[in-house]
Amino acid sequence: MKNLIINNLRYRIEANNNLIYGADIPFKPGLNIIWGPNSLGKTSIITGIIYGLGLEKSLGIFKLNQNPFKPEFYSKIEGNNIIKSYLFLEISNGEKTITIFRHLKGEKTNIVAVKDCTISEYSNVERFEKYIIEGDGVFTESGFQNYIFDFLGLPILEVPSYDGDNVKIYFENLAPLFFVEQRAGWSQIQARQITRYNIRDVKSVVFEYLMGFDKFDLHLIELERKKIEELIKKRKEKLASKEENIFIISNGEADGKELIITDKSSGKYDINEYIKLLRRKYSIKSIQNKTLTESKEQTQNNENGLRENLKIIDYQYRRSIDKSNNLHQEIRGYENYIERIQSNKFKNKQLKKIEELSLDLNIGTCPICEQPLVGVSDEECILCHTTTKNRISTPSQNLNFLEDEEKSFKNVLRSKQLEYRKELQISQDLKDKIKTTEKLLEHQTDTFTGKILTNYRNNVIELDNIFKNIEKFERIKERWDELNVLRDEILENVGQSTQLKSKIDSYSNSDSDSKILSSIKNHFKNNVRELGLFKAKEELINKIKIDSTDNYSPYLDSFDIYNISSSSDNVRIILSYYMALLQTSISLKEKTKIKFPNILILDEPKQQNLDNKSLISCIKLFEEIPQTNSQVILTTYSENKQDRTKFLKYFCYEMKHDKDYLLKRIISKSK
Amino acid sequence: MRIEQFVDRITEKELIPSINLTRPKYVQPEDRILYRSHRILIILALLNTKNGISKDVIACVDFLLRNSGYQKKFILEYFKGKTNILKKLNYFTDKNTVEIDFNIVQYRSVPWDLRFNDMFLFLYVRSLIQISSNNKDKNIRIHLTETGQTYTEKVKEVFASEINFLELFNSSVQEAKAIDIITNIIPQTYWRENEKLNNK
């Protein structure tokens, strides 16, 4: 809404030998013509303005080490090496005047200094701001883009790019609508538009932006929609990943909003139903478990009984073995005894025979006292005084006694042997019993109890698993339900998005837009007529259309407008177009949202074969434009002296002869 | 009357009643000097008749005759390597008639019966044996007198089994060897046998 007015441009070049060169070019509102023959520096003035505004990209300079200037501005001038080279650009937005200081040479070319003053006051004003004009950070707080947009009252906006990101509109994107560069600039409208920022439909977007089209808002809506779409995408991704996690842990799939679980044995279930199913399974299994527990106790009791039994039988068996051992020993004792009886019987028989042989000593007198041994005492032996009351048994008595003894012992032996055999039988039976009981017990522990225990264990494990599953699926269900919030959000966003989309789709040219567009069209047609386009077929002019079809550049339905026209016609069209923009902006700026800076910088249209007549018509047209609200900077030259006098009043700078170069040696006042 | 009934009952049970109101003191032949002396006579008649036998050998051989269960073992040890004699051994069966006799003591390492001296006295006073020593009561030897010899011939038939055993030695026994078997080899098995019995 604010205008851009170039007030002053000053070059200063410090060279060796304390030489200072420089140039001062003043501008005023309205038409400014820079007049001069070729190769003297007309374009260098334009370059200075452009460079001072940080628009060197509009000149095709994209690298910091490239210099848009001719060598005498930064390398050597009149054989002297340049030490320092810089420019001052005084500009105004209609309310405020500032001076931009920028180096042409050196490492600090990416930084400008800005003072709130005119050029003449520059050295006296101390306060200045530094801005990054080139490279990273141009849109930061200390970025020049930020500053210049603010200065011109332009909103900084992001627009969609081809690669899906949002990108800001740069100042150099706006420049092609008010600056026509000398060479490429005259080939087509917005020829120097920068496409490498990837802004989608950059020419249309910039046009709509500067001309304050309602349609530009669509880009903003689209951006908003894109944001929402991105949000939807993000949320969907989040939802999808969460859902996927749930699918993985639950072996499930989604059916709309429902989670379907696939069970290995029983097929597919809705999660709620599945939990119910698991609960039912759990209750059934727990009943089974109870019965199993009971039968387990029963078998355990059985087993304990068997063990007790086995203990008793074993004890009995050991006792029986002891008894039979004792009996056996007893029997052996009896047998020994009987044997001895027999041998004694034999010996008694021998003795009996011996006794038959008389070996009695015929002793009549005692060997000691020599008294006759007469008279037999009943009480004792006379000789050895042994009591004779109990006489020694004779062998036959012995034999009778032994016979008795033998018989009774043999009886005892027989009974004992019988008892022994019985006991052996008993212990054998007990042994068998132990074996069977042991086998039974072994069988029970091995098969029955083992099986039941395994069943029991398996059942418990299964029960445990089911319980865990119930818990797990309940958790899953909870998580799944939690996702509903996300789903609702997505739905809401989708709603918003579709709403915005319908808004975009339903857009038809607003009144304001069509008003601006028709104004441009009319001005354009008028301009081309004045400039003498299509001299032979003037009717074509009426057929020229300007709308969004071809980036708001003029076109014909049936022909390529650039093809059917001569190169001078081409320049006429372009010139008319830019003039139409300025004219429209001036006439409608108050009523609409047009942000056009009301400045045109046109570098030598004549060089592109525009004839003097057309140029004169052109100047005439400019004359019709109110001078106060706008500024046109035009470089041109004509050999014709009459032309010079015609334009003289618009001259802001003139190179008077072939050697009148722009840069001149300045004698410093101090020296 | 009562006794007759009692006797009948006993005979019904195939027992032989022997009723003696003055019940004798039952003494078995092994405890009778008379019986034992005769066995010594047999030993003297069959072993080393030329030079007589020492008291130790008599004690050993008498031990063998008394405990016939050791005879087989003794023969096996004594005739080690002499197969022709060992063939006859089938006769001597392995019997477990081990008698524990409290009168037998370990005297000069031989199973010496305290009553041997009574027996020698019994025989000596009847002029059946003769005692000789070559050097001041050392190396005492006992042998039969002529009356002894003639008397022994009469009793020989009573001691048939003893004679059968003693004849194996062919009227001469290696004294040291016999003593060694009795005092060293047999006791080892003898006592071991007892140990077995005790442990059962």
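This is a conversation about a predicted model with chains A and B.

Reader: Before we start, how are the residues and chains labelled, and what kind of model is this?

Author: Residues are numbered from 1 along each chain as its sequence is written, while chains are lettered from A and ligands numbered from 1 in the order in which they are written. The model is predicted, so local features need pLDDT of at least 70 and side-chain atom pairs count only at pLDDT 80 or more, whereas totals for chains, interfaces and linings use all residues.

Reader: What is the mean pLDDT of chain B?

Author: The mean is 77, and 77% of the residues of chain B reach 70 or more; pLDDT is the predictor's confidence in each residue, from 0 to 100. The model as a whole scores ipTM 0.77 and pTM 0.52.

Reader: And which elements of chain B have the lowest and the highest mean pLDDT?

Author: Strand β1 (residues 104-107) of chain B has the lowest, at 56, and helix α2 (residues 33-46) of chain B has the highest, at 89. Helices (H or I, at least four residues) and strands (E, at least two) are DSSP runs, numbered from the N terminus. Where pLDDT is low, the predicted coordinates should not be read in detail.

Reader: How many helices and strands are there in chain B?

Author: Chain B has nine helices and four strands, and along the sequence they follow the pattern α-α-α-α-α-β-β-α-β-β-α-α-α. Of the 200 residues in chain B, 28% are buried, where buried means that 20 or more other C-beta atoms lie within 10 Å of the residue's own, exposed means 12 or fewer, and partly exposed is in between, with C-beta atoms placed from the backbone.

Reader: What does helix α2 of chain B pack on, and at what angle?

Author: α2(B) packs with helix α6 (residues 116-125) of chain B at an angle of about 75°, and their axes are 9 Å apart. Axes are lines fitted to C-alpha atoms, for helices over the stretch in contact, and angles run from 0 to 180 degrees between N-to-C directions. The two helices, α2(B) and α6(B), are therefore roughly perpendicular to each other, given that angles under 35 degrees count as roughly parallel, over 145 as roughly antiparallel, 65 to 115 as roughly perpendicular and the rest as oblique.

Reader: Which residues meet there?

Author: From α2(B) they include B:Ile33, B:Ile40 and B:Leu41, and from α6(B) they include B:Met119, B:Phe122 and B:Leu123. By class, this contact of α2(B) with α6(B) has six nonpolar, one polar and two charged residues. Ala, Val, Leu, Ile, Met, Phe, Trp, Tyr, Cys and Pro count as nonpolar, Asp, Glu, Lys and Arg as charged, and the others, Gly among them, as polar.

Reader: How many residues of each chain take part in the contact between A and B?

Author: The contact takes 25 residues from chain B and 26 residues from chain A, with two residues being in contact if their C-beta atoms, placed from the backbone, lie within 7 Å. On the side of chain B that touches chain A, α2(B) gives the most, with three residues, and the residues of that side divide into 12 nonpolar, five polar and eight charged.

Reader: Switching to chain A, which strands form the open sheet of five?

Author: The order is β11-β17-β18-β3-β19 in chain A, and the pairing is parallel; two strands pair if DSSP finds at least two bridges between them. The edge strands are β11 (179-180) and β19 (651-654) of chain A, each of which pairs on one side only. β11(A) pairs with strand β17 (residues 599-603) of chain A in the parallel sense over two bridges, and A:Phe179 has A:Ile601 in β17(A) as its bridge partner.

Reader: What about the open sheet of three strands?

Author: That sheet has the order β12-β13-β14 in chain A, with antiparallel pairing, and the twist averages 30° from one strand to the next. Four bridges join strand β13 (residues 258-263) of chain A to β14(A), and A:Thr262 stands opposite A:Lys268 in β14(A). Helix α6 (residues 271-356) of chain A packs on the sheet, touching β13 and β14 of chain A, and the direction of this helix makes about 110° with that of β14(A).

Reader: Last one: is A:Thr436 buried or exposed?

Author: A:Thr436, which lies in helix α7 (residues 395-505) of chain A, counts as exposed because it has 12 C-beta neighbours inside 10 Å. A:Thr436 and A:Leu310 are 126 residues apart in sequence and 9.5 Å apart in space, C-alpha to C-alpha.
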